Amino acid sequence: MTITQDAATAHAWAALGGRPELVGGVSYEGAGEVLPARLPVRELARATVGVCSLAAAELLALRTGTPVPTVRVREGAVATAFVSERHLRIDGRTPTSFAALSGFWRAADGWVRTHANYPHHRARLLGALGIRDTGDDRHWWTRWRRSWRCAPPGGFRRPCTRRAAWP
């Protein structure tokens, strides 16, 4: 199955200020229901690769003085790349890809999604919660439950919705 008109690609290309006539030169070799999700993950992944490839094709054309080549993206390859961390093994073992402080946590009034994979994110999270970094991540969330209603100054908080409320 070949996809030649993709709304997500057109939208992303337009948002970047790309020339509208070029987006018609992008096509996709479909791979079925890859990257299954309730949100449009497959479409976002496909459009991301398509738009980046189209920008590279446009740059090539500008540098060589030739017409912009068509872009063909294999959806199966995109899906594999977007989940490649699931295939990584180090010394035969799957590495931990998310920090102990990253995840969905039950709070007093709902659920909280935290991200602390980078040292500065971890420091910001612990600082916002008023928790001294001892390196022990086992019981940090008890403090979070008490402070869930307050967004840290300069921080970002977005409520998580029930899965049934997702589009």
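**Entry 1: the sheet.** I began with Y28, and I found that this residue stands opposite V73 in β3. I note here that I am working with a predicted model. Looking at the strands around this pair, I saw that β2 and β3 run parallel and are joined by four bridges. On the other pairing I looked up, β1 and strand β2 (residues 26–29) are antiparallel, with two bridges between them, and T2 stands opposite E29 in β2. Taken together, the three strands make an open sheet with mixed pairing, in the order β1-β2-β3. The edges are held by β1 (2–3) and β3 (71–74), each of which pairs on one side only.

**Entry 2: the helix on the sheet.** I then looked for what covers these strands, and I found helix α2 (residues 41–64) packed on the sheet, where it touches β1, β2 and β3. The direction of α2 makes about 150° with that of β3. I also looked up the hand of the connection, and β2, α2 and β3 make a β-α-β unit that is left-handed.

**Entry 3: the faces of β3.** Which residues of β3 point to one face and are buried? I found that they are V71 and V73, while R72 and R74 point to the other face and are not buried. This fits what I have learned about strands in general, namely that in a regular strand the side chains alternate between the two faces of the sheet.

**Entry 4: the cores.** Next I turned to the largest nonpolar core, which has 15 residues, and I listed the members that touch the most others: W13, V26, Y28, L35, L54, V71 and V73. At least two residues each come from β2, α2, β3 and α3 (75–82), and α2 gives the most, with four. Another core, of five residues, lies apart from it, and among its members I noted L101, L125, L126 and L129.

**Entry 5: L35.** I came back to L35, which I located in the loop between β2 and α2. Is L35 buried or exposed? Its relative accessibility is 15%, and because the cut-off for buried is under 20%, I count L35 as buried. Setting aside residues up to four places away in sequence, I found that L35 touches V41, R42, A45, A79, F82 and V83. The phi of L35 is near 50°, a positive value in a residue other than glycine. I wrote this down because most residues other than glycine have a negative phi.

**Entry 6: D91.** I found a positive phi of about 55° at D91 as well, although D91 is not a glycine. This residue lies in the loop between α3 and β4 (103–107), and with a relative accessible area of 70% it is exposed.

**Entry 7: two helices.** I looked up how α2 and α3 pack, and their axes are 10 Å apart at an angle of about 105°, which means that α2 is roughly perpendicular to α3. The contact is made by R42, A45, R46, T48 and V49 on the α2 side, and by E75, V78 and F82 on the α3 side.

**Entry 8: G30 and R122.** I placed G30 in the loop between β2 and α2. Although G30 and I3 are 27 residues apart in sequence, their C-alpha atoms are 6.6 Å apart in space. Beyond its neighbours within four places in sequence, G30 is in contact with M1, I3 and E75. My last residue was R122, in helix α4 (residues 119–129), which counts as buried at 17% relative accessibility. Leaving aside neighbours within four places in sequence, I found R122 in contact with L101, A116, D133, G135 and D137.

Conventions: Residues numbered from 1 in each chain as written. Predicted model: local features only at pLDDT ≥ 70, side-chain atom pairs only at ≥ 80, totals over all residues. Heavy atoms only, no water. Pairing = 2+ DSSP bridges. Contact = heavy atoms within 4.5 Å. Axes fitted to C-alpha atoms, helices over the stretch in contact; angles between N-to-C directions. Core = buried A, V, L, I, M, F, W, Y, C linked by side-chain atoms within 4.5 Å. Buried < 20%, exposed > 50% of the residue type's maximum accessible area, 1.4 Å probe, protein only. Right-handed = clockwise from strand over helix to strand, strands pointing away. Parallel < 35°, antiparallel > 145°, perpendicular 65-115°, else oblique.
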